[in-house]
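Q: Could you take a close look at one part of this model for me, the helices and how they pack? I'd like the contacts, the burial and any odd backbone spots in the loops.

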Amino acid sequence: MTDKSSTAGAASAAAVASTPRRVLYANATLATLAGDRDWGLVSDGAMLVEGEQLRWVGTMADLPADLRDSAVELRDLGGLLVTPGFIDCHTHLVYGGERSAEFELRLQGATYEEIARAGGGIRSTVAATRAASESELHALAVPRARALMAEGLTTLEVKSGYGLSLADETKCLRVARQLAELGLTVKTTYLGAHALPPEFDGRQEAYVDAVCAWLPELHQQGLVDAVDAFCERIGFTPDQTRRVFEAARALDLPVKLHAEQLSDQGGAALAAEFNALSCDHLEYLSDAGIAAMARAGTVAVLLPGAFYFLRETKLPPIQALRDAGVPIALATDHNPGSSPGLSLLLMLNMACTFFRMTPEEALRGLTTNAARALGLPDRGRLAAGQRADFCIWDAAHPRELAYWFGRNPLRQTVVGGRPRG
C-alpha cells in the first residue's frame, strides 16, 4: 500500500524544487541602458531575479509588495553600481602559438600586409594551431576566457579560422563550444574564409569551394551559430565572400563580416544585402556601406584594440554611423596577430580616447549593441524579461568604467541568475 502522506510530501518537495529561485538585489545604482540613449540610471534601485531571468527592475519604493514578499533571499548591495553583463562579440580566442616577433617587425617599419604576404600573419598561427591537439588548444583558451571573465564577461563569441581544414576547423569549434563549461554563453562563428592555407596556394577558388563544402557538416555537428569571412585585398574578394554567404543562407545561418579594415572592398554593402548581424572593423567604410547597413539593421562592431596595436590612423566614420542610426558595438578582437589584448575595460577606454565615443556609447557597445551583433535580444539591458546577466561594480557612476585603466572595480558577476565565484 502506498503511503499517501509520503506521496504528498514528495510531490510538495518536487514542486518546491521546480519553483524558480527568487533573489532580490536591493540598494543599488542601476545603469539599465533600457532606452535607446542615456544611461537609464536608477538610484536606490532593485532587481528581482527569478531563475535565469530578471522579473522586475526599478526603485525599491516602486517594488510591489507581493514581489517583495516573494523573494527568498535579499542582497543589499550598499549602493554599488550594477550594469548588464559584458558581451565580447568578436574574438579569435582559440589558437596555438603567439606572434610577438611580428610585433617587433612592425615596430621596425613592416606593415601588416607585408608580413602576411611574406608568409607570416594568419598562416603562422594556422601552422601552430594545426600542430596543437584539441586538449592543448583548450588549455590555452581557458585562461584567455578567464581573463575576460575577470572583467565582467558573460557572453563570448569565438571564431574559427586558424585551422583552415575541415579537421582543424572542427577541432577549434569544438574547443570554443567547451568554453561554455566555464559559466558563459558561447556563440561560435565559422570563419573558414579567413586566409588561404598553404596546400591551396594558387587555388583560391578551389579553397572557397572547400569552405562552402565543409559548412553543412560543421552545421550538422551543431558547431556553427554564424558564418564570417575576411573580405579584403589580402583575404577574399566580394564575389568569393558572396559564395560563402550563399552557402550560409542555404542553411539559414546568419552572417557577419570582417569588412573595410585595410581598404574599401564594398564588403559592408554586400553583407547588408544578406542582412548580416554585423560588419566589423570598418575603418574604410564608405557612405554607401553605412546606408546599406542602416537599411539592413546591421551592427557596426568597432575594434579599438586592433586599431591601437596596428597603430592605425584611419578612424572609423563614427559620426556618420551615429547620424545614420547604425548601432555601434565594441569587442576585443582578441587574436595573436593584431589584437592580443584581454581587457574589456581597456576597450571601453580606448573607444573613448581613440574613437571619441562617449562613455555611455562605449558601455552600450559592450552590452546592448554587442548583444544585437550576436542576434541575442534577451540580454544587454537591465529590464524585466531579460536574462539575469549582470555585473556589480565598486563605482559610483558607470562612466568610471571607461575612465580608469589598469584598475578593475568588478565585485561580482551574475550569469543566468547565478553568482559567479
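A: Here is a walk through the helix pairs, then one buried helix and the loops around it. Keep in mind that this is a predicted model.

Let's start with helix 6, residues 134–149. With 16 residues at 1.5 Å each, helix 6 should span 22 Å, and its end C-alpha atoms do sit 22 Å apart, so the two agree. Its buried residues are Leu 137, Ala 141, Val 142, Arg 144, Ala 145, Leu 148 and Met 149. An arginine is on that list, Arg 144. As for the spacing, an α-helix has 3.6 residues a turn, so residues three or four places apart point the same way.

Helix 6 has a partner in helix 7, residues 166–178: their axes come within 9 Å and cross at roughly 45°. That angle falls outside the under-35 range for roughly parallel and the 65 to 115 range for roughly perpendicular, and the two helices are therefore oblique to each other. The crossing is right-handed. From helix 6, the contact uses Glu 134, Leu 137, His 138 and Ala 141, and helix 7 brings Lys 171, Cys 172, Arg 174, Val 175 and Gln 178. Sorted by class, that makes four nonpolar, two polar and three charged residues. Leu 137 and Ala 141 belong to this contact and are also among the buried residues of helix 6.

Now for helix 8 (residues 204–220) and helix 9 (residues 238–250), whose axes are 9 Å apart at an angle of about 15°. Angles under 35 degrees count as roughly parallel, so that is what helix 8 and helix 9 are to each other. This crossing is right-handed too. On the helix 8 side you'll find Gln 204, Glu 205, Val 208, Asp 209, Val 211, Cys 212 and Leu 215, facing Gln 240, Arg 243, Val 244, Ala 247 and Ala 248 of helix 9. The split here is seven nonpolar, two polar and three charged.

Further along comes helix 14, residues 344–355. Its 12 residues reach 16 Å from first C-alpha to last, close to the 16 Å expected. Nine of the 12 are buried, so helix 14 is largely enclosed by the rest of the structure. The buried set is Leu 344, Leu 345, Met 347, Leu 348, Asn 349, Met 350, Ala 351, Cys 352 and Phe 355.

The loops on either side of helix 14 hold the odd backbone spots. Asp 333 sits in the loop between strand 13 (328–330) and helix 14, and its phi is near 55°, positive in a residue other than glycine. With 1% relative accessibility, Asp 333 counts as buried. Arg 356, in the loop between helix 14 and helix 15 (359–365), also has a positive phi, about 60°, without being a glycine. Its 60% relative accessibility, however, makes Arg 356 exposed.

One more loop ties in here. Thr 313 lies between helix 12 (304–309) and helix 13 (318–324), and is exposed, with a relative accessible area of 73%. Thr 313 and Phe 354 are 41 residues apart in sequence, yet their C-alpha atoms are 9.6 Å apart in space.

Technical notes: Residues numbered from 1 in each chain as written. Predicted model: local features only at pLDDT ≥ 70, side-chain atom pairs only at ≥ 80, totals over all residues. Heavy atoms only, no water. Axes fitted to C-alpha atoms, helices over the stretch in contact; angles between N-to-C directions. Helix = DSSP H or I, 4+ residues; strand = E, 2+ residues; numbered from the N terminus. Parallel < 35°, antiparallel > 145°, perpendicular 65-115°, else oblique. Left-handed = near helix turned anticlockwise from the far one by under 90°. Contact = heavy atoms within 4.5 Å. Nonpolar A, V, L, I, M, F, W, Y, C, P; charged D, E, K, R; others polar. Expected span 1.5 Å × (residues − 1). Buried < 20%, exposed > 50% of the residue type's maximum accessible area, 1.4 Å probe, protein only.
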